[in-house]
Amino acid sequence: MTRTASIARKTGETDIKLTLNLDGDGSGTRSSGIGFLDHMLDLLAKHAMIDLDVKAIGDLHVDDHHTAEDIGIALGQAVHEALGNRAGIRRYGHFTLPMDECLVTAAVDLGGRYAFEYQAPIAAAKIGTFDSELVEHFWQSFAANSHSNLHVVLHHGRNAHHIAEGVFKATARAIRMAAESDPRSDAIPSTKGVL
């Protein structure tokens with residue numbers, strides 16, 4: 001069974017087409033119109049080992065907010081759809097990732113309920129032309145729409161680019177672990193019998 005999904009999301013602010021394969025190798029193309037976000041999506045695909053194609057047209061003449069938010073929404077919806085009833089997955093994943101002077105931990109529960117805790121402040125307002133606060137907002141949008149618990153903690157770090165990269169890589173690795181097939185069980189990973 002392939003674990004794939006395609007999402008088309010069109011609003012008055014953005015037009016997004018996103019496809020993913022949870023059992024990929026990081027292939028695909030990312031074209032959001034935002035260079036830094038494309039870089040982060042490349043890291044996400046590679047470290048989560050998902051094939052990911054993103055084509056977004058957004059109101060970048062306003063700012064990057066709507067495009068980053070709506071890609072996070074579409075990615076979350078795609079992961080939710082691709083997981084199906086979540087039978088046979090590990091469900092939980094976590095990763096602590098060093099990125100130069102930064103250390104970031106991400107933990108995820110793909111158990112079907114939303115919660116989001118983010119403790120990874122970036123002191124600089126901008127990373128190039130990208131608003132730093134959109135890193136948090138992207139992952140909040142993802143967590144809500146993938147019906148996941150996501151916790152992200154920056155233990156230490158200073159460089160804004162490194163912090164953002166650490167957040168994306170650590171979260172990608174946590175998602176990879178949680179979405180992987182559990183070789184010991186093909187059941188739904190809950191005592192309730194449903195997620």
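In the predicted model, strand E5, which spans residues 92-99, and strand E6, which spans residues 102-109, pair in the antiparallel sense over eight bridges. Within this pairing, Phe-95 stands opposite Ala-106 of E6. Two residues lie between the strands of the E5 and E6 hairpin, and in that hairpin Asp-100 takes a positive phi near 55°. Most residues other than glycine have a negative phi.

Two further residues with a positive phi were found in loops that lead into strands. Met-49, which is not a glycine, has a positive phi of about 60°, and its place is in the loop between helix H1 (35-48) and E4. Arg-86, likewise not a glycine, has a positive phi of about 70° and is found in the loop between helix H2 (65-83) and E5. The accessibility of each residue was also computed: Met-49 counts as partly exposed, at 27% relative accessibility, whereas Arg-86, at 3% relative accessibility, counts as buried.

An open sheet is formed by four strands in the order E1-E2-E4-E3, with mixed pairing. The edges of this sheet are occupied by strand E1 (4-10) and strand E3 (30-31), each of which has a single partner strand, so one side of each is left without a neighbour in the sheet. Strands of a sheet pair through backbone hydrogen bonds, in either a parallel or an antiparallel sense. E1 and strand E2, the latter comprising residues 14-21, run antiparallel and are joined by seven bridges; in this pairing Thr-4 stands opposite Asn-21 of E2. On the way across the sheet, E2 also pairs with strand E4 (residues 51-58), in the antiparallel sense and over eight bridges, and here the bridge partner of Leu-20 is Leu-52 in E4. The parallel component of the mixed sheet is provided by E3 and E4, which pair in that sense over two bridges, with Ser-31 standing opposite Lys-55 in E4.

The surroundings of one residue of this sheet were examined in more detail. Leu-18 has its place in strand E2 and is buried, with a relative accessible area of 1%. When residues up to four places away in sequence are not counted, Leu-18 touches Ala-5, Ser-6, Ile-7, Leu-52, Asp-53, Val-54, Ile-71, Ala-74, Leu-75 and Ala-78. Among these contacts, Ala-5, Ser-6 and Ile-7 fall within the range given for the edge strand E1 (4-10), while Leu-52, Asp-53 and Val-54 fall within E4 (residues 51-58). The contacts with Ile-71, Ala-74, Leu-75 and Ala-78 involve positions inside the range of helix H2 (65-83). Leu-18 and Asp-38, which are 20 residues apart in sequence, are separated in space by 13 Å from C-alpha to C-alpha.

A contrasting environment was found for Thr-191, which lies in the segment after helix H4 (160-179). Thr-191 is exposed, its relative accessible area being 88%, whereas Leu-18 is buried at 1%. The C-alpha atoms of Thr-191 and Arg-173 are 26 Å apart in space, and these two residues are 18 residues apart in sequence.

Taken along the whole chain, the secondary structure comes to four helices and ten strands, which follow the pattern β-β-β-α-β-α-β-β-β-β-β-α-β-α when read along the sequence. The chain has a radius of gyration of 16 Å, close to the 16 Å that the globule rule gives for 195 residues, so the chain is as compact as a globular protein of that length. Taken along the principal axes, the box filled by the C-alpha atoms is roughly 45 × 40 × 25 Å. Of the 195 residues in the chain, 50% are buried. Contacts between residues 24 or more positions apart account for 78% of the contacts in the chain with a separation of 6 or more.

The surface and the charges of the chain were summarised in the same way. The accessible surface comes to about 8,900 Å², and 51% of this area belongs to carbon and sulfur atoms. The chain carries 18 positive and 25 negative charges, and the mean positions of these two groups are 6 Å apart.

Key. Residues are numbered from 1 along each chain as its sequence is written. This is a predicted model: local features need pLDDT of at least 70, side-chain atom pairs count only at pLDDT 80 or more; totals for chains, interfaces and linings use all residues. Side-chain values use heavy atoms; hydrogens and water are left out. The radius of gyration is taken over C-alpha atoms; the globule rule is 2.2 Å times the number of residues to the power 0.38. Buried means under 20% relative accessible area, exposed over 50%, partly exposed in between (1.4 Å probe, protein chains only). Contact means heavy atoms within 4.5 Å. Accessible areas come from the Shrake-Rupley method with a 1.4 Å probe; for residues, only the protein chains shown count as cover. Lys and Arg count as positive and Asp and Glu as negative; His and the chain ends are not counted. The place of a charge is taken as NZ of Lys, CZ of Arg, CG of Asp or CD of Glu. Two strands pair if DSSP finds at least two bridges between them.
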